[in-house]
Amino acid sequence: MAQEESQLVRGGSFMFHPAGTLPQATPEENSEEALAIAEAARDFVNGEILPRDEEIDHLDLELTRDLLAKAGDLGILGMEIPEAYGGLDLDKKTALLVLEQMAKQASFSTSYTAHTSIGTMPIVYFGSPEQKAKYLPKLATGEWCAAYALTEAGSGSDALGAKATAVLQDGHWVLNGTKAWITNAGFADVFVIFAKINGSHLSAFIVEKTDPGISTGAEEKKMGIKGSSTRTVILENCTIPEDRLLGGKGKGARIALGILNVGRFKLGASSVGAGKRVLEYTLRYAQERTQFGKPLNAFGLIQQKLANMAMRIFVGEAMSFRTIGYLDEALARTSWERETGGADKMKAIDEYAMEASMSKVWGSEALFATADDAVQSFGGAGFSAEYPPEKIYRDCRINRIFEGTNEINRLLIAQTFLKRCSGVDGLPLAAAASEPLDLPKDDLLRTVALSKARALKVIALAQGLHGPKILDNQEAAARIANMLLEIYAMEAAVVRAQKMAAAGHRWSALALDLATAYAQEAWNRVQAEARMLAAELASDTVLDALVADLLAMQAPAPVALSAVRQRIAQALVEQGRYPISAV
Ligand SMILES: Cc1cc2nc3c(=O)[nH]c(=O)nc-3n(C[C@H](O)[C@H](O)[C@H](O)COP(=O)(O)OP(=O)(O)OC[C@H]3O[C@@H](n4cnc5c(N)ncnc54)[C@H](O)[C@@H]3O)c2cc1C
């Protein structure tokens with residue numbers, strides 16, 4: 001066991017391995033079974049969800065419930081539920097492929113994810129055998145729907161500062177308080193609710209909608225995802241049996257934060273799926289609309305946008321699969337057969353908390369940039385509710401806010417990385433930063449290696465000069481996070497493209513162009529962040545030397561990106577879609 005564990009990729013360790021040498025899962029390597037399920041999900045979304053887009057967005061909750069039940073019939077509500085409780089117990093990669101499809105309709109995708117992920121997973125990982133037997137089979141079929149209630153009006157980012165209370169009285173828990181912004185609240189049958197026992201031990205409870213003392217407020221009037229239900233959940237002497245405590249007294253923080261990690265992986269993946277749909281309709285519009293006697297797609301600045309959209313899809317997918325590969329590998333070494341199966345699985349997921357946050361931040365911002373490119377490519381029509389970009393622009397804005405805001409996730413990324421670089425078993429930050437550069441010959445890998453070297457140098461300086469106190473400067477912490485996530489994404493894209501080339505994949509030339517475009521741009525951002533972080537670290541006199549030292553390092557050869565992007569856009573226009581997808 002100890003030997004097996006030593007072979008797992010450690011969270012955050014990607015910065016310390018030579019560029020391109022870590023094993024990496026890619027979207028090109030799916031099992032037949034995973035592809036068949038993803039295709040079934042695609043047909044379900046195209047046949048049942050997208051034609052009812054408007055009804056869903058008019059908050060037809062009965063329809064959403066019916067569609068969730070249909071998803072249950074297909075088996076895609078129970079993919080991550082153990083077989084013993086009516087699920088399929090599939091790997092996370094399959095769940096990710098399905099989620100990419102669901103993401104084509106943002107409101108339904110939000111309801112689906114709140115149910116299958118943050119609503120159901122606390123019971124999967126922390127439920128007693130009796131709780132699992134009672135709830136999971138019904139959640140797997142969609143007979144019951146779930147919600148996760150952590151946030152309160154006074155505690156959002158400060159998620160553990162909940163004021164809701166739980167008191168044990170005569171063999172029953174009595175809950176009081178109000179939860180805010182709860183997805184699926186309008187139709188959920190089962191709520192995982194966080195409250196403090198005797199005002200101090202944050203704990204999780206399973207509350208059913210028919211329990212006395214629970215009610216919900218009015219639907220929130222939102223900017224986007226208008227078809228998803230979001231309400232307050234009000235607990236007024238809500239009385240539930242003693243055995244509804246989930247995971248034990250005081251386990252609330254463990255459950256709340258662990259489950260959020262799962263949600264973050266998934267949000268990164270769903271951003272990719274939504275991006276594909278945006279690119280599809282933007283390609284169509286850029287072909288149909290003419291100006292100056294030419295279709296929009298003949299203009300270099302529209303081609304740039306189309307190419308960037310495809311680049312974000314390619315990189316986002318590479319990044320999601322990279323992370324999910326690590327995760328599946330770690331989860332495969334746990335077993336539901338063991339009494340500690342749920343806790344072991346949660347621990348395996350925790351290892352990649354930093355990668356989960358990176359996927360969430362990167363994916364949500366990439367999708368927002370893509371939606372913005374779509375609005376701009378449509379011109380005035382992009383500003384009109386009659387055309388699709390206006391909706392995606394509103395719908396995807398929430399991704400930067402929920403599952404931990406991107407500010408909180410950036411702070412977590414920097415904090416986790418520096419923590420992992422301290423202590424006896426820590427990742428070797430100081431040593432790696434002072435190692436002589438051994439650069440690969442390949443241009444793309446060289447860009448990754450130089451980015452790592454530059455980031456490690458400046459982060460090691462930050463750690464050396466200020467220790468963990470550097471995190472008190474939140475802008476500096478965000479710069480550390482930005483470098484890490486750019487490098488993680490860049491390396492994922494480069495490895496994916498090179499694997500495709502080595503396998504003779506039909507789209508390998510396109511993939512290499514996509515990876516090249518991203519690596520060049522990401523390198524420039526890493527370099528800028530490194531310089532600005534250096535400026536945060538030292539007094540004027542030391543600063544000049546620091547910046548000079550950073551600049552003295554080699555840089556990758558510049559690439560004329562307009563030609564690269566023109567080739568990408570041409571392939572997209574010829575195909576009329578993003579052509580690399582497995583499904
Ligand atoms: C549509 C929707 C659905 C949701 N669904 C659910 C759900 O199903 N279950 C659930 O429990 N919650 C849910 N939420 C709540 C969501 O998770 C919170 O809104 C989110 O965590 C942010 O909390 P807040 O709104 O209180 O913002 P605040 O915490 O007040 O943050 C406001 C701003 O300050 C920043 N900020 C806060 N603290 C810090 C800090 N320490 N350092 C730097 N910046 C900081 C934030 O990044 C943000 O920019 C949902 C929210 C929405 C809008």
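Student: In this predicted model, why is the ligand said to lie between domain 1 and domain 3?

Tutor: Look at who supplies the shell. Domain 1 (2-9 + 252-407) gives residues to it, and domain 3 (148-246) does too, so the ligand lies between them.

Student: What makes a residue part of that shell, and how many residues surround the ligand?

Tutor: The test is a C-beta atom within 6 Å of the molecule. On that test, 20 residues surround the ligand. Gly156, Ser157, Thr183, Thr405 and Glu407 are the closest.

Student: Which secondary structure elements supply at least two residues each?

Tutor: Three are named: β1 (146-149), β3 (172-183) and α14 (406-420). β3 gives the most, with 3 residues.

Student: How do the shell residues divide into nonpolar, polar and charged?

Tutor: There are 10 nonpolar, 8 polar and 2 charged residues. Mind the glycines: Gly counts as polar here.

Student: Take β1. What makes both its faces count as covered?

Tutor: Check the residues side by side. Ala146 and Tyr148 sit on one side, Ala147 and Ala149 on the other. Buried means 20 or more other C-beta atoms within 10 Å. All four residues are buried, and both faces are covered.

Student: How do you know that β1 pairs with β4?

Tutor: Count bridges. Pairing needs at least two. β1 and β4 (residues 190-197) are joined by 4, so they pair. The two strands run parallel. Tyrosine 148 stands opposite valine 192 in β4.

Student: Which residues of helix α13 are called buried?

Tutor: In α13 (residues 388-395), they are Pro388, Pro389, Ile392, Tyr393 and Asp395. Their cover includes α6 (106-119), α9 (252-288) and α12 (353-377).

Student: Now the whole chain. Why does its radius of gyration agree with a compact globule?

Tutor: Set the value against the rule. For 583 residues, a compact globule would have a radius near 25 Å; the protein chain has 24 Å, so the two agree. Along its principal axes the C-alpha trace spans about 70 × 60 × 45 Å. Buried residues make up 51% of the chain.

Student: What share of the contacts with a separation of 6 or more joins residues 24 or more positions apart?

Tutor: The share is 78%. Contact here means C-beta atoms within 7 Å.

Student: Into which domains is the chain divided?

Tutor: Domain 1 and domain 3 you have met. The others are domain 2 (32-145) and domain 4 (417-429 + 436-575). The C-alpha centres of domain 2 and domain 4 lie 36 Å apart.

How values were computed:
Residues are numbered from 1 along each chain as its sequence is written. This is a predicted model: local features need pLDDT of at least 70, side-chain atom pairs count only at pLDDT 80 or more; totals for chains, interfaces and linings use all residues. Domain bounds come from an automatic or database domain assignment. The radius of gyration is taken over C-alpha atoms; the globule rule is 2.2 Å times the number of residues to the power 0.38. A residue is buried if 20 or more other C-beta atoms lie within 10 Å of its own, exposed if 12 or fewer, and partly exposed in between; C-beta atoms are placed from the backbone. Two residues are in contact if their C-beta atoms, placed from the backbone, lie within 7 Å.
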